[in-house]
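The following exercises concern one protein chain and are to be worked with the sequence and the coordinates at hand. Each task is followed by a solution in steps.

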Amino acid sequence: ARPAVFSHDRLTFTMANHLQEQKKFSTCKLLLDEIQRVVAEELSRRKKLIQAGVRDVSDRILLPKNRHDQLDEDSANYDDKRLCHACKHICFFSAVACECSQSKVSCLRHSHYMCRCSTERKYLMVWSSDDEMKKTLDEVTAFCKALEVKAQLMAEGSNLVSIEEETSNKAITPIAPGATRDKVAHMNEKILDVSKGFFHVPESFLRFRDEPQLVPSLQTIPLSTNQNQGAKRPLLTHDTSSSTIGSCEPTEVIELLD
């Protein structure tokens, strides 16, 4: 097997030592899942090895504590000295050694590959105790729970804002601004009556094509039926007896003011 570039266990627990840098619940949950897996596997294998006869000498051999505050060169050099003899895994939390060698160690999975000595001659070297690993797991669990609650509150707040916006939008009247005022202003004016073929145009909307200053009184305007023009156009009928109209033709085309 090839040696690891860096210890995955060291990286995981260094991240756990810098929990304040975790801002999202999703990423913290991934870290928590990995720590739960590592701790459960480590403690379970320790227990099985001790039950199999491997001695626990952690109370008699003083080993340097693992540093979780940073990833430095000294820590990497120390990790290179505790590689598993079989799989080259960095024995970060603990390792199995034997009385037959002062340099070889193995991970908890491959202690039976290290040598042919009996189990009674092998012993367990521990850098991180059970209590330390459980404490780290508890801290990450609590922090991850706090991030989850925070994420839920933010989600509820976003939903509340959405509901308030939707409610306020529903409260807005569907009537366009000024529509009510225009309705009152023109309530007495007659509009197009297609069924009868005639409509009435208010006096203020009428003007002559050639003489805009001559505005007649309210007139009844028939719809033009000239098919060659495509669309119907209103025609203004003038009373030829009126002196105001003067020399205007009896029927003259008018235009609606813009």
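A salt bridge is a side-chain nitrogen of Lys or Arg within 4 Å of a carboxyl oxygen of Asp or Glu. By this criterion the structure, which is a predicted model, holds 16 salt bridges.

**Exercise 1. Overall architecture**

Task: State how many helices and strands the protein has, and give the order of its elements.

Solution.
- Step 1. The protein contains 5 helices and 8 strands.
- Step 2. Read from the N terminus, the elements follow the order α-α-β-α-β-β-β-α-α-β-β-β-β.
- Step 3. The protein has 258 residues, of which 29% are buried.
- Step 4. Among contacts with a separation of 6 or more, 60% are between residues 24 or more positions apart.

**Exercise 2. The nonpolar cores**

Task: Identify the residues with the most contacts inside the largest nonpolar core, and determine which helices supply at least two residues of this core.

Solution.
- Step 1. In soluble globular proteins, nonpolar side chains tend to be buried together.
- Step 2. The largest nonpolar core here comprises 18 residues, and those with the most contacts inside it are Phe13, Ile35, Val39, Phe93, Met133 and Val140.
- Step 3. At least two residues of this core come from each of helix H1 (8–16), helix H2 (25–52) and helix H4 (130–171). H2 gives the most, with 7 residues.
- Step 4. Beyond its neighbours within four places in sequence, Met133 is in contact with Phe13, Val39, Glu42, Leu43, Arg46, Phe93 and Ser128.
- Step 5. Another core, of 11 residues, lies apart from the largest one; Leu63, Cys84, Tyr123 and Met125 are among its members.

**Exercise 3. The salt bridges of Glu41**

Task: Describe the salt bridges that Glu41 forms with Arg37 and Arg109, and place these residues in their network.

Solution.
- Step 1. The side chains of Arg37 and Glu41 form a salt bridge with an N to O distance of 3.2 Å. Because these two residues are 4 residues apart in helix H2, about one helical turn separates them.
- Step 2. Arg109 also meets Glu41 in a salt bridge, at 2.5 Å from N to O. This pair links distant parts of the chain: Arg109 is in the loop between strand S3 (105–106) and strand S4 (122–126), whereas Glu41 is in helix H2, 68 residues apart.
- Step 3. The relative accessible area is 40% for Arg37, 23% for Glu41 and 46% for Arg109. Arg37 is therefore partly exposed, as are Glu41 and Arg109.
- Step 4. A network of salt bridges links Glu34, Arg37, Glu41, Arg45 and Arg109.

**Exercise 4. Asp9 and the largest pocket**

Task: Establish the burial state of Asp9 and which residues are closest to the centre of the largest pocket.

Solution.
- Step 1. Asp9 lies in helix H1. Asp9 is buried but has no salt bridge; Arg37, the nearest side chain of opposite charge, is 5.3 Å away.
- Step 2. With neighbours within four places in sequence set aside, the contacts of Asp9 are Val38, His89, Ile90, Phe92 and Phe93.
- Step 3. The volume of the largest pocket is about 320 Å³. It is lined by 18 residues, and Asp9, Glu41, Glu42, His89 and Arg109 are the closest to its centre.
- Step 4. H1 and H2 are the elements that give two or more residues to this lining. The most come from H2, which gives 5 residues.

**Exercise 5. The surroundings of Phe92**

Task: Is Phe92 buried or exposed, and which residues does it touch?

Solution.
- Step 1. Phe92 is found in the loop between helix H3 (73–80) and strand S2 (94–98).
- Step 2. Its relative accessibility is 1%, so Phe92 counts as buried.
- Step 3. Not counting residues up to four places away in sequence, Phe92 touches Ser7, Asp9, Arg10, Asn66, His68, Asp79, Arg82 and Trp127.
- Step 4. For Phe92 and Asn66, which are 26 residues apart in sequence, the C-alpha to C-alpha distance is 7.8 Å.

Technical notes: Residues numbered from 1 in each chain as written. Predicted model: local features only at pLDDT ≥ 70, side-chain atom pairs only at ≥ 80, totals over all residues. Heavy atoms only, no water. Core = buried A, V, L, I, M, F, W, Y, C linked by side-chain atoms within 4.5 Å. Buried < 20%, exposed > 50% of the residue type's maximum accessible area, 1.4 Å probe, protein only. Contact = heavy atoms within 4.5 Å. Lys, Arg positive; Asp, Glu negative; His and termini not counted. 1 Å grid on protein atoms, 1.4 Å probe; cavity = no way out; pocket = protein on both sides within 12 Å on 5 of 7 lines; lining within 4 Å. Points joined across faces, edges and corners; volume = space filled by probe spheres on them.
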